[in-house]
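Reader: I am new to reading protein models. Could you walk me through a few features?
Author: Gladly; let us have the model in view.

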Amino acid sequence: MKNKYVMSRLLALGMAATLTAGNLPMVANAADETVKVSEATEQKAEDTEVETQETENPQAENVEQVETPETETPEQTENQGTVEKTEQTEAENVQNAAVPQLNTGLMQAGKYDASGNWVAMSGTELLTNDQIIFNLRTMVPEGFNYNSANILVDGEWIRADEGGYAVVNKTSTVTKVGMWLEQNGQVVQEPVMADVNYHITVDQTKPTIDEFHMWTMEANGKYEDFESGVTNKDVMVDVVANDDVEVDYVFYTSSTGSTPVFEKIPNTNENAYRYIFKEDGVYNGVISVKDKAGNYTEKAVSFTIDKTAPTLDELHMYAINEDGTFADLADGGKTDKKVMVDVVANDNVEVDYVFYTSEAGATPVFEKVPNTTENAYRHVFEKPGTYNGVISVKDKAGNYTEKNVSFTIQEKRDTLMVISFETRDGKKVGQEVVKKQGIDGEDVNFELGKDFQLPTGYKLAEENKVETITVPAGTTGGHVVLVDKGGNSSIANVQFVDAETNEVIGGGDYFVDGDGDGIFTHREVVEYVPEGYVLTEVGDFQVSESPLQLSVVKKEKESVVKIQFVDSITNEVVAGGDYFVDKDRDGIFNHSEVEQWVPEEYRLVEFGDFQVSECKETPLQLTVEKVNKSSIVKIQFVDAETNEVMGGGDYFVDGDGDGIFTHREVVEYVPEGYELAEFGDFQVAECKDTPLQLSVVKIKNDVKPDPENPDKPNPEKPDSEKPGNPDPEKPNKPDTQKPNKSNKNNTNADKKTPKTGDDLQAAGAFSVLGAGALAAIAALLKKRK
């Protein structure tokens, strides 16, 4: 009996030998020192064989041999029975002792995330992209302490570390836990075994982003493609993502830490996810797709949502005086001078531009005032007219702030008055032709003594004392002033001398100095100049008894003067020559006599009367300014082979304002590496809102079409690309059968107009506009109409 007990103890100790604290492998080198189940099985077989041998051979080494005498005394028999009974009782006590059980339900599995935080995992199906960590200490039964443990992974034992953590980093199955326990400071003699069933999948394949789309959500319920930039609309982002196992979720992250999670789009066959960004802000971050194993795929995004309108902080209007000073102009005010409008505008992101609009449709864009710390913008209105419109501030996102303005620039108009002086009996004794400038819509006053003088020796008739003549500005009329003989006049003897022959050809005694101050002017005797002559001496003269000789010259039918027209901006002479003026042969001509010779696309900005004698040899320089009649059209350049839009934008064309432009006006904007394949004239009205698509082809061997002769054969271009043979299969082609601009009397075939973009400057009163900016203005104007 004793032999059997000893053998069972040895067997138990031998089977447990592979799990002793001194023999178990550490976690770090578990791969090299794994104790295989087969080794434990071999050890068990050897122990069994030893037991068998010892049972069959009582002389076996290390086994206590109990000799049985051939004859036993009763005392020996009694003692032997007592020993056997004691050994049997000890064996039964060992067999009946309580065996501790591991709490398999408390076994923990999990991993550490990228931030070092413990992430617990539930269930027995475990998915990871690197490893699974098992916490075995949680399995220790009550009343015992942890000593060491192993887990059986695909038939191989993996040793846990001193903390009771075992690591699995491959796709595998965990089926058993073996643990040594301590009680009262002593290691329990046998390890405790427990069956478990964990299936681990290691997935290191990243998910894929198969489709990615961004749209702005328009007010009409439609969506517009959006890649980046600034918008004042909600931005919807759709993602189609897939994974070899399973997508966990899609989310957005940025430096601000916000992580809105995308929602899966229902009723779709794809793994489609969506999120709508609604709040104002700068979104510089990434859209991330995470799978169940923890793998990530990212796509960077950058856009700004700005729904906050800009502010118009200051608005001032000034009239610009002739001396360059400024005078405040109130809203609704009137002036005959140029008007300067200054605006200070700000935005939480960026102001795009400031402009003026009215029912007339004019949209002059303000220029930013340089060398200022504020966002100051300015525009000078020059053309006469009534301005009832709005000053608008637009930001990059398309938000507007507006302020109504009203002012009038009054036009100055020449007013001509022929004043005749007659006596009571109807005798005409004098006449003056007086010219003054007046403001259109207002009256002009001609005052006696200031604008006209009474004939020498006459005074106003008592019953009709007219000292002021009032007429509407811009009119030409006559007025009769009734006079009587008398006054404070003196008699002066005047002789008119031919300047060439030095002969006296006329003269006499004449009433002068009607106010009696002893001085008279040349105007008081000009009516007495002999017919066919004109006075060449002007000024004031003293009343004297001695004859006054005044030079005269023969009148010409018309005078020839030299005139140069000078550009107000470049100060360059743009035209000029010798011109006939002064048909009335009075030695004076008006600006209206030369307006017909102002160069096309210019207008005269200098007015008044000029002396013929001052322009005979030295040219008179008159200031002119350009009149810009351009229109803005939308153009897209489409690759003739792929039908893709290769470039385009909003461009100024039709400088003469006739509603038609030619291909030559946009050929300079064709994308680099391409040449225009479509030629002719096009209607401005058809390209205002809908882009005109013009076909372009890639340049071969650097052979470019001649813009001045588009029909010239191109040896590198097949016949199908010639303007005369358009491809009938190309969609979205505009109707090129437009009116032929070459048939117009005024040829503008070579005119060039500036592109409205960040890289070019607009001519005239227009500033550079981006494509989106001009589209916004066009839309605003259309709305207001």
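Reader: Let us begin with Lys-233: with which residue does Lys-233 form a salt bridge, and how far apart are the closest N and O atoms?

Author: A salt bridge here is a side-chain nitrogen of Lys or Arg within 4 Å of a carboxyl oxygen of Asp or Glu. Lys-233 has Glu-218 as its partner, with the closest N and O atoms 3.7 Å apart. Lys-233 sits in the loop between strand 13 and strand 14 (234-242), and Glu-218 in the loop between strand 11 (208-217) and strand 12 (223-225), so the pair ties together parts that are 15 residues apart in sequence. Helices (H or I, at least four residues) and strands (E, at least two) are DSSP runs, numbered from the N terminus.

A word on the source: this is a predicted model, where local features need pLDDT of at least 70, side-chain atom pairs count only at pLDDT 80 or more, and totals for chains, interfaces and linings use all residues. Residues are numbered from 1 along each chain as its sequence is written, and side-chain values use heavy atoms, with hydrogens and water left out.

Reader: Are Lys-233 and Glu-218 buried or exposed?

Author: Buried means under 20% relative accessible area, exposed over 50%, and partly exposed in between (1.4 Å probe, protein chains only). Lys-233 is partly exposed at 25%, and Glu-218 is partly exposed at 22%.

Reader: How many salt bridges are there by this rule?

Author: The count comes to 18. Among them is the one between Asp-352 and Lys-394, at 2.8 Å from N to O. Asp-352 belongs to strand 24 (residues 351-358) and Lys-394 to strand 27 (residues 385-395), so this pair links distant parts of the chain, 42 residues apart. Asp-352 is partly exposed at 23% relative accessible area, whereas Lys-394 is buried at 4%.

Another pair is Asp-578 and Lys-562, whose closest N and O atoms are 3.4 Å apart. Asp-578 lies in strand 42 (residues 573-581) and Lys-562 in strand 41 (residues 559-567), so the pair ties together parts 16 residues apart in sequence. Lys-562 is partly exposed, at 26%. Salt bridges that share partners also join Asp-248, Lys-290 and Lys-292 into one network.

Reader: Now the sheet: in what order do the four strands lie?

Author: Strands of a sheet pair through backbone hydrogen bonds, either parallel or antiparallel. For counting, two strands pair if DSSP finds at least two bridges between them. Here the open sheet runs in the order 13-19-18-15, with mixed pairing. Strand 13 (229-231) and strand 15 (247-254) are the edge strands, each pairing on one side only.

Reader: In which sense do strand 13 and strand 19 pair?

Author: Strand 13 pairs with strand 19 (residues 296-305) in the parallel sense, over three bridges. In strand 19, Phe-303 is the bridge partner of Gly-229.

Reader: What is the phi of Asn-267, and where is Asn-267 found?

Author: Most residues other than glycine have a negative phi. Asn-267 has a positive phi of about 60 degrees, although it is not a glycine. Asn-267 is found in the loop between strand 16 (263-264) and strand 17 (272-277), and it is exposed, with a relative accessible area of 83%.

Asn-371 also has a positive phi, near 55 degrees. Its place is the loop between strand 25 (367-368) and strand 26 (376-381), where Asn-371 is exposed at 81% relative accessibility.
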